[in-house]
Amino acid sequence: MDPRASRRVGVLSQHLLAGSAEPAGEVELQPLAGRASSSQGASTSYATATGRPSSYARVHGEVSRAPARWRRIDTVAKEQLREVKYEKAIGEGIAKVTINRPEKRNAFTPRTVMEMSWCFADAREDPAVGVIILTGEGPLAFCSGGDQSVRGAGGYVGSDGIPRLNVLDLQIQIRRMPKPVVAQVAGYAVGGGHILHMMCDLTIAADNAVFGQTGPKVGSFDAGYGSTQMARLIGQKKAREMWFLARMYDAQQALGMGLVNTVVPLAELEAETLAWCREMLRNSPTALRVLKSALNAAEDGQAGIQQLGGDATLLFYQSEEGNEGRQAYLEKRPPDFSRFKRLP
Ligand SMILES: CC(C)(COP(=O)(O)OP(=O)(O)OC[C@H]1O[C@@H](n2cnc3c(N)ncnc32)[C@H](O)[C@@H]1OP(=O)(O)O)[C@@H](O)C(=O)NCCC(=O)NCCSC(=O)CCC(=O)c1ccccc1C(=O)O
């Protein structure tokens with residue numbers, strides 16, 4: 001080995017030895033070596049090159065997998081929720097939206113979609129909420145898409161008799177939500193339900209999850225995000241297979257295709273989802289917000305740039321430089337921007 005490289009390895013070993021001499025009684029960590037890293041089974045948040053917890057892991061410890069204590073909210077936007085369950089975790093920034101029509105495999109009506117939309121709007125407005133879970137009631141389905149029994153000519157028909165495809169607005173609402181949205185999927189995620197999970201930022205799947213597009217079998221298709229977002233997630237060939245053949249795929253196949261982030265046993269689904277949410281909640285909310293905007297902007301054209309641009313303005317409004325302009329206007333004087341450096 002080159003002598004300089006050998007010296008560096010020596011220094012590194014000293015650091016590691018120093019770490020091992022640390023007193024007991026610090027954050028207790030589960031052993032990391034030998035645990036699954038992220039794509040299968042219960043995951044740890046810390047991979048390590050040395051087999052020992054890193055300095056970050058020593059400070060933060062493992063993320064809690066304890067059950068959340070949920071507070072149920074029955075009325076949102078002055079409307080009683082009938083087809084959706086809405087909850088917030090007590091003492092932590094997690095909101096949960098559950099499609100609550102298990103007898104129909106959580107198929108959605110225009111009313112279900114409206115209720116989901118009200119809940120997402122509430123979660124967006126609530127500064128205590130940092131991450132939102134979207135799920136379906138029961139172990140059999142996340143969502144089976146549009147309720148075919150209320151499908152009329154021109155869309156899905158609610159009690160007002162008007163045909164709607166309002167799930168398309170919900171897709172955009174999830175896409176533009178400045179907080180991460182996590183799909184927690186047990187059972188079927190098919191048709192429009194499959195598209196909803198694809199619109200979420202992350203998907204945690206139970207080992208009984210089944211994914212697929214049924215549209216071509218029942219005379220429907222989504223030529224918007226449902227096709228284009230899918231192609232970006234899994235590639236053109238696979239997306240064409242998924243839509244043209246309308247087959248079903250199990251959780252492991254979905255993992256292999258890049259449709260989901262991880263697969264866990266059904267019994268661990270909520271614990272795993274909560275752990276991922278808590279791990280994100282440890283991180284900078286602004287970093288997550290801007291990253292989501294940036295990832296969207298790369299694909300959403302002008303609308304994406306508008307979202308990212310809005311985040312830039314939000315940050316600029318919080319700066320001294322931005323405030324100098326406003327203050328000068330209010331004080332009826334020319335702004336003095338000279339003290340703000342033009343960094344390279
Ligand atoms: C999901 C199944 C594979 C589950 O099968 P299984 O476990 O055997 O249960 P079942 O016995 O079939 O179902 C129990 C019960 O639920 C009823 N049901 C299930 N899904 C639906 C549904 N989508 N609509 C209405 N009813 C449903 C089922 O009939 C049973 O009731 P009984 O009274 O007991 O008979 C399987 O159920 C299944 O294949 N379901 C249909 C899946 C489907 O085709 N969904 C619609 C796809 S099309 C779509 O979602 C378009 C949505 C949309 O609005 C849209 C439009 C345009 C652009 C974009 C979109 C968009 O969504 O993005």
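This text walks through a ligand shell, a pair of helices and a small sheet. The model is predicted: local features need pLDDT of at least 70, side-chain atom pairs count only at pLDDT 80 or more, and totals for chains, interfaces and linings use all residues. Residues are numbered from 1 along each chain as its sequence is written.

Start with the ligand. It is surrounded by 26 residues, where near means a C-beta atom, placed from the backbone, within 6 Å of the molecule. Closest are G145, G146, G191, G192 and D222. Four elements each supply at least two shell residues: α4 (167–176), β12 (188–190), α5 (192–199) and α6 (215–218). Helices (H or I, at least four residues) and strands (E, at least two) are DSSP runs, numbered from the N terminus.

Now turn to two helices, α7 (residues 225–234) and α8 (residues 236–245). Their axes come within 7 Å and cross at roughly 130 degrees. Axes are lines fitted to C-alpha atoms over the stretch in contact, and angles run from 0 to 180 degrees between N-to-C directions. That angle makes α7 oblique to α8, because oblique covers whatever is not under 35 degrees (roughly parallel), over 145 (roughly antiparallel) or 65 to 115 (roughly perpendicular). From α7, the contact uses S227, M230, A231 and I234. From α8 come Q236, K238, A239, M242 and W243. Contact means C-beta atoms, placed from the backbone, within 7 Å.

Last comes an open sheet of three strands. The order is β8-β9-β10, with antiparallel pairing. Strands pair if DSSP finds at least two bridges between them. The edge strands, β8 (151–152) and β10 (163–164), each pair on one side only. Two bridges join β9 (residues 155–157) to β10. Y156 stands opposite R164 in β10.

Key. Contact = placed C-beta atoms within 7 Å.
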